[in-house]
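Okay, everyone, thanks for coming. I'd like to walk you through one structure today, mostly by looking at which side chains sit beside which.

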Amino acid sequence: MGAPARRIYGIETEYGITCASTTGGAPPLDADRAARLLFEPVIARSRTSNAFTRGGARLYLDVGSHPEYATAECDRLTDLLAQDRAGEITMADLAARANADLAARGVPGRIHLLKNNTDSAGTGFGCHENYLVRRRADFWNDARTLVPHLVTRQILVGAGHVLPGADGAPARYVFSQRADQMEDAVSSATTRSRPLINTRDEPHADATRYRRMHVIVGDSNIAQGSTLLKVAAMDLLLDYLEKGGSLADLRLARPMSEIRRVCHDLSGRTPLELADGRTITPIDLQTEHLARVRAHAADLDLSESHRRALDLWERGLDAVARGRPQDVAADLDWAAKHQLLTRYARRAGTGLDDPRVARLALAYHDVDPGTGLRPKLERAGLLHRLVDEDRCRAAVDTPPATTRARLRGAAVALAQDLRRDLTVDWVNLRLDDGRTPPLALRDPFARTDERVDALLEAMARRDAPAGSWPPTI
């Protein structure tokens, strides 16, 4: 038996930020000032708001005052889950320091960081997935055949959303926060016209061998089951296509109108028109994708994480088909949040448009362990965690051991400890001593490199000029 092709994947998450008044008045800080306060420790350590961490990840302020955490390169799903949760821990720790500073100065406010995809004004922000693929001529044809999967996978891995009613209609619950924000299927744009798949060719690797598939349609997930399923399913579908499989017969005629219809129909049975004139439901399309992946995987030696994802894919589809979100409420965000909000609304005798329901929905995405709901739900067994807290916290400062991130993390850690000047990006390392040549690490699968060993030795030399530590991009 073989195994799925080894693949690098990573997740970039933009966080929403707000500073709420603790006395009921107006917010004492706007988002920009709150974000600058949040990043003061990062800037003090790195002299930049765009830094790489000891864990191999990238931490920075994105456009629109959105704190962003990009995981280190991972080739194991459990590492990715740990790295993604390490981002939440990092953001929560920064918020705790900022809130302590506000309290010490007597400012009546508390900063909250939200792992979601829309703010109170309806502005959207993203959660992007990256998959390393071999460079080949038919790549974009294969990528376009994945559009139907991205349109319909929200019935499984959407984060759930309360959609305000129009013209006096009541609010209703839908699968995804992100689906209504998307405007194109495949495009080089990111903000002007948000596509499902971004075509920008930035492999962060040897460009003659690799390219990066950049998926920007996904919701930000709290449930580790949702994160596992969305990445594992895409990994297996890519493996299926790379080894000769085809999804071309399941192309949608109008994917960008269908993505909204799929989002708004919790039955999963809205009819979608295929390019050849047939119709298919989201449940049936996902069932067909799952069947092809299962047949492909029958001859593969799958990891336990991949097997768990296939089981959850099947159980998730069954729960949607039966109208029983409670069957996967401990594993998938949309179902967990649906159960939480609808039960509260029923007990309170109110609708989903009640402000208390909105606050509960925000608490689901709040990464503060004191005010966010995720730790409480996990402790109560209402939300399953797949990677334990100790491993996730360790991932804040410990990179994955099997990828290039190990090399970057070691260099960053030593530079911080010795206060060496080191310039870092995804590929390059440069010790700014005026004599050590820069390194280009173009193989993201390489966990060892003699050149990096030499760089670490040069960094540690006593006669090298010391300085403060500024990793720049």
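Before anything else, one term: when I say buried, I mean under 20% relative accessible area, exposed is over 50%, and partly exposed is whatever falls in between. And please keep in mind that this is a predicted model.

Let's use that term right away on the aromatics. Phe52 has a relative accessible area of 3%, so it counts as buried. What does Phe52 pair with? Its partner is Trp426, in an edge-to-face arrangement, with 4.9 Å centre to centre and 90 degrees between the planes. Trp426 is buried as well, at 15% relative accessible area. Now look at where these two come from. Phe52 belongs to strand S3, residues 50-52, while Trp426 is in the loop between strand S15 (422-424) and strand S16 (428-431), so the pair ties together parts that are 374 residues apart in sequence.

There's another edge-to-face pair, and here the partners are Phe139 and Trp140, with ring centres 4.6 Å apart and planes at 65 degrees. Both of those residues are buried too. Across the whole structure, the search turns up 4 aromatic pairs.

While we're on rings, find Tyr60. Arg58 lies over the face of that ring, at 3.8 Å from the ring centre. Tyr60 also shows up on the contact list of His66, which touches Glu14, Tyr15, Gly16, Tyr60, Leu61 and Phe125, leaving aside residues up to four places away in sequence. His66 itself is in strand S5, residues 66-70, and at 11% relative accessibility it counts as buried.

Okay, charges next. How many salt bridges does a search of the whole structure find? The count is 44. I'll show you three of them.

Start with Asp84 and Lys115, where the closest N and O atoms are 2.9 Å apart. Asp84 is in helix H3 (residues 77-104), and Lys115 is in the loop between strand S6 (109-114) and strand S7 (127-134), so this bridge ties together parts that are 31 residues apart in sequence. Are these two charged residues buried or exposed? Asp84 is buried, and so is Lys115.

Next up is Arg294 with Glu314, with closest N and O atoms 2.9 Å apart. This one goes helix to helix: Arg294 is in H9 (residues 282-297) and Glu314 is in H10 (residues 304-322), so the bridge ties together parts that are 20 residues apart in sequence. Arg294 is partly exposed at 34% relative accessible area, and Glu314 is partly exposed at 43%.

The last of my three is Arg451 with Asp449, with closest N and O atoms 2.9 Å apart. Here the partners fall into separate classes: Arg451 has 39% relative accessibility and counts as partly exposed, whereas Asp449, at 16%, counts as buried.

Some of these bridges link up. Asp84, Arg85, Glu88, Lys115, Arg374, Glu378, Arg385 and Glu389 are joined into one network by salt bridges that share partners. Let me zoom in on one member, Arg385. You'll find Arg385 in the loop between helix H13 (374-379) and helix H14 (389-394), partly exposed with a relative accessible area of 26%. Arg385 touches Arg85, Gln224, Arg374, Glu378 and Cys392, again not counting residues up to four places away in sequence.

Back to H3, where Asp84 sits. Does its length add up? Well, let me put that properly: what span should we expect for H3? At 1.5 Å a residue, its 28 residues should span 40 Å, and the end C-alpha atoms are 41 Å apart, which agrees. Of those 28 residues, 20 are buried, so H3 is largely enclosed by the rest of the structure. Just after the helix, Gly106 takes a positive phi of about 75 degrees.

One last topic, cysteines. How many disulfides are there? The count comes to 0. Take Cys74: the closest cysteine sulfur is in Cys392, 11 Å away, and a disulfide needs the sulfurs within 2.5 Å, so that is too far for a bond. Cys74 is buried, with a relative accessible area of 0%, and Cys19 is buried too, at 2%.

That's my tour, so over to you for questions.

Methods. Residues numbered from 1 in each chain as written. Predicted model: local features only at pLDDT ≥ 70, side-chain atom pairs only at ≥ 80, totals over all residues. Heavy atoms only, no water. Salt bridge = Lys/Arg side-chain N within 4 Å of Asp/Glu carboxyl O. Helix = DSSP H or I, 4+ residues; strand = E, 2+ residues; numbered from the N terminus. Buried < 20%, exposed > 50% of the residue type's maximum accessible area, 1.4 Å probe, protein only. Expected span 1.5 Å × (residues − 1). Phe/Tyr/Trp six-rings, centres within 6.5 Å; stacked < 30°, edge-to-face > 60°. Lys NZ or Arg CZ within 6 Å of the ring centre and 35° of its normal. Contact = heavy atoms within 4.5 Å.
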